[in-house]
Each structure stands twice: as C-alpha cells, then as structure tokens.
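Let's take a walk through this structure together, one piece at a time. Keep the picture in view as you read.

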Amino acid sequence: MATTQQNFEATGTPTNGPFTVNIKTLKSTDIKVSVAGVEKTLTTDYTISDYTANNFKITFVSGKRGTGTIRVYRDTNVDTSSVTYAAGTAIKAGDLNTSFNQAIYKADEEIMAGDIADDAITSAKILDGTI
C-alpha cells in the first residue's frame, strides 16, 4: 500500500521547516496539512516548494505553525477525471497511468481513513452483543 500521509513529531523548539515529505501525488493541490488536528491553509499557513510527484517540502509561514504533531497527507480529488479521453483519438500510456493512479491513490486514502477509532470497540459493546 502506498504512503498517504507523513507525520512529524514536535521535539524541542518548534521549527517552521522546511519538512521534506515523501508522498506520491498527482497535483500539489492534493496535499493537505494539519497541526494537532487543526487543518492548515495553503499560502496562508504554509507553502509547498521543490514539488515533484514523489516528494516536496512544506514550510510554515512565520507564526502559523502552532504546536503539536504535523500531519501531511494526500487527499486526491476524484470529483473530476485527471484525464479526458475523446473518441477517435490515441490513448497514451501516460494518460492511462495518470487515470489509474488517480483511482488507486483515492482507494489507498479510503483504506487508511477506515482505521477503527480508539473508542469504537469497548468491553461494554462486546458484552451487549453490539460487536
């Protein structure tokens, strides 16, 4: 399974970065960042530099980082197709790969999001037959 997120633990004095992230993405707009569970906004709170489809760097705007664990994750947009095919035109291998990656990235993200919450299974639920 592909890496869909990378965490950076806060140690010592918080730094603004840059933080090197190794997550495969289709577009830089698929990159999301949160600190201690609080969603951050691109350009307002952080910037992305040295972007490639395999890795990039995140740097926080001065004073915008906050404290706590930094979570950088991919949220692939599947509302629109990454490639549009037209009747009578050639189908290119690169376009097929991009379409496949869009689907597989989102599937990986959904699998990772399906993690069981800490309080989802309790002894009380087991005893009363809920689980």
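**Strands, core and loops**

Start with E3 and E7: these strands run antiparallel and are joined by five bridges. One of those pairings puts Ile 31 across from Arg 74 in E7. Keep in mind that what you're looking at is a predicted model. On that score, the protein has an average pLDDT of 85, and 89% of the residues reach at least 70. Confidence varies among the elements, with E5 having the highest mean pLDDT (96) and helix H2, residues 123-127, the lowest (75). As a rule of thumb, where pLDDT is low, the predicted coordinates shouldn't be read in detail.

Now widen the view from that pair of strands. They belong to an open sheet of four strands, ordered E1-E7-E3-E4, with antiparallel pairing. The edges are taken by strand E1 (5-8) and strand E4 (38-39); each has a single partner strand, so one side of each has no neighbour in the sheet. At one of these edges, E1 pairs with E7 in the antiparallel sense over four bridges, and there Gln 6 stands opposite Val 72 in E7. At the other, E3 and E4 are antiparallel partners over two bridges, with Val 35 matched to Val 38 in E4. In general, it's backbone hydrogen bonds that pair the strands of a sheet.

How many of the five residues of E7 are buried? Four of them are, so E7 is largely enclosed by the rest of the structure.

That brings us to the inside. The largest nonpolar core has 13 residues, and those with the most contacts inside it include Val 21, Val 33, Phe 56, Ile 58, Phe 60, Ile 70 and Val 72. Four strands each supply at least two residues of this core: E2 (19-21), E3 (31-35), E6 (56-60) and E7 (70-74). So which residues is Ile 58 in contact with, leaving aside its neighbours within four places in sequence? Among them are Val 21, Val 33 and Val 72, along with Phe 19, Ile 31, Tyr 46, Thr 47 and Ile 48.

Ile 58 also makes contact with Asn 16, Gly 17 and Pro 18, and that stretch is worth a stop. The peptide bond from Gly 17 to Pro 18 is cis, with omega near 10°. You'll find Pro 18 in the loop between E1 and E2. For background, most peptide bonds are trans, and most residues other than glycine have a negative phi.

The second half of that rule has exceptions here too. Ala 36 isn't a glycine, yet its phi is positive, about 50°. Ala 36 sits in the loop between E3 and E4 and is exposed, with a relative accessible area of 52%. Asp 50 is another non-glycine residue with a positive phi of about 50°. Look for Asp 50 in the loop between strand E5 (46-49) and E6; at 51% relative accessibility, Asp 50 counts as exposed.

One last stop is Asp 45, in the loop between E4 and E5. Is Asp 45 buried or exposed? Asp 45 is buried, and yet it has no salt bridge. The nearest side chain of opposite charge belongs to Lys 64, 4.3 Å away, whereas a salt bridge would need a side-chain nitrogen within 4 Å of a carboxyl oxygen. Setting aside neighbours within four places in sequence, Asp 45 is in contact with Lys 40, Phe 60, Val 61 and Lys 64. Phe 60 links this stop back to the core, being one of the residues with the most contacts inside it.

Conventions:
Residues are numbered from 1 along each chain as its sequence is written. This is a predicted model: local features need pLDDT of at least 70, side-chain atom pairs count only at pLDDT 80 or more; totals for chains, interfaces and linings use all residues. Side-chain values use heavy atoms; hydrogens and water are left out. A nonpolar core is a set of buried Ala, Val, Leu, Ile, Met, Phe, Trp, Tyr and Cys residues joined through side-chain atoms within 4.5 Å. Buried means under 20% relative accessible area, exposed over 50%, partly exposed in between (1.4 Å probe, protein chains only). Contact means heavy atoms within 4.5 Å. Two strands pair if DSSP finds at least two bridges between them. Lys and Arg count as positive and Asp and Glu as negative; His and the chain ends are not counted. pLDDT is the predictor's confidence in each residue, from 0 to 100.
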